[in-house]
Amino acid sequence: MNNYTIGVDLGGTNIKAGLFDGDFNAVEELSLPTEAAAGPAHVLERIRLAVTQLTGGKGIDQQQITCMGMGIPGLLDPEEGLSIFSPNFPGWEQIHIVNAMKPFYDYPVYIDNDVRVNLYGEWQQGAGKGCRNLVLLTLGTGLGSGIVHDGKVLYGTTFSAGEIGHMNMYRQGRPCRCGSSGCLGRYVSAVGMVNTFKEKLLDGRSSLIQTWTNQDDGQITAKMISEAYDLGDPLAIEVMHETGELLGYGLANVINLLNPELIIIGGGMSAAGERLLGSVRGTVNAHALKLSGSKCRIVQAELGSRAGTLGAAVYADQRLNALK
């Protein structure tokens, strides 16, 4: 009888779920709207629906499933199975996800932060395969990160190690929802780059993007900035390089502190590719310690949107095997 592992990636818009065989090949994958506005109980019900649809279509019963892993955004306690707070989910505080799942499944369920499960995916099955010291950054609406040091994922005292996006880059910078200001993620993210672009427009600069949006700055996206970059738009090029340079300074600090062999850049904004990473590498080369900087590669993630579900399954499998 074949054994399978389930991975779930909970997002503010969609719930992604994957069924994987013993070699972590995808057997079935699906996505359902999260419907987060309906509250925590409804979201948990949607997760259970996703799992039912995932296994039901293949005729797989619970005895064939070894475990399930879930990537949950926000603060959590993976040992307790408790999601403490998730900013994009109304009413989502102190939600004991594992306890909520236990009555429905005969197999163990494990949770971890959504960025860390992406880390597990890229580390074990993607760009970081075989590495013992690596850092993953996910550049999307914000900047998430996770760290593998000497072959172990770093968690920290409150399971919140690796918040690179909250490194303070400016003494008096943009306010951050963490309560501080000038955090790296307020500048190096899709939202951050767009805000930089808008600030320059307010200073009197111009861009061909304004013709695309009919002067409506609220329609500007990071993708537009990449497209304008390719068309030689001076402001788009400046903003992309400025964003990459700031990320490079942040990563120079990370390299000097952690001495990784690999930094993986993932998330939707990573689609900018060398438009962004060229400035990142140039800044790192100029400002990281020469020995550690020369031994660290900066690459794009390999797994894309599948890193969350696959990583959640890998994480659950490791948790289960640690108990054996």
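This passage looks at one sheet and at the aromatic residues of a predicted model.

The sheet is open and holds five strands, arranged in the order β11-β10-β9-β12-β13 with mixed pairing. At its edges stand β11 (152-153) and β13 (297-300); each has a single partner strand, so one side of each is left without a neighbour in the sheet. Further in, β9 (residues 134-139) and β10 (residues 143-149) run antiparallel and are joined by six bridges. Within this pairing, T138 of the sheet faces G144, which belongs to β10. Helix α8 (residues 274-287) packs on the sheet, where it touches β9, β12 (262-266) and β13. The direction of α8 makes about 170° with that of β13.

Turning to the aromatic residues, the count of aromatic pairs comes to six. One of them joins Y120 and W123, whose ring centres are 6.3 Å apart; their planes meet at 45°, so the pair is tilted. Both residues belong to helix α3 (residues 114-125), where Y120 and W123 are three residues apart, about one turn of the helix. Y120 and W123 are both buried. Together with Y315, Y120 and W123 make up one aromatic cluster.

Another aromatic pair, Y155 with F159, is edge-to-face, with 6.5 Å from centre to centre and 80° between the planes. F159 has a relative accessibility of 23% and therefore counts as partly exposed, whereas Y120 and W123 are buried.

A charged group also meets an aromatic ring in this model: the charged end of R48 sits over the ring of F104, at 4.2 Å from the centre of that ring.

Methods
Residues are numbered from 1 along each chain as its sequence is written. This is a predicted model: local features need pLDDT of at least 70, side-chain atom pairs count only at pLDDT 80 or more; totals for chains, interfaces and linings use all residues. Side-chain values use heavy atoms; hydrogens and water are left out. Two strands pair if DSSP finds at least two bridges between them. Helices (H or I, at least four residues) and strands (E, at least two) are DSSP runs, numbered from the N terminus. Contact means heavy atoms within 4.5 Å. Axes are lines fitted to C-alpha atoms, for helices over the stretch in contact, and angles run from 0 to 180 degrees between N-to-C directions. Rings of Phe, Tyr and Trp (its six-membered ring) pair if their centres lie within 6.5 Å; planes under 30 degrees apart count as stacked, over 60 as edge-to-face and the rest as tilted. Buried means under 20% relative accessible area, exposed over 50%, partly exposed in between (1.4 Å probe, protein chains only). A charge sits over a ring if NZ of Lys or CZ of Arg is within 6 Å of the ring centre and within 35 degrees of the ring normal.
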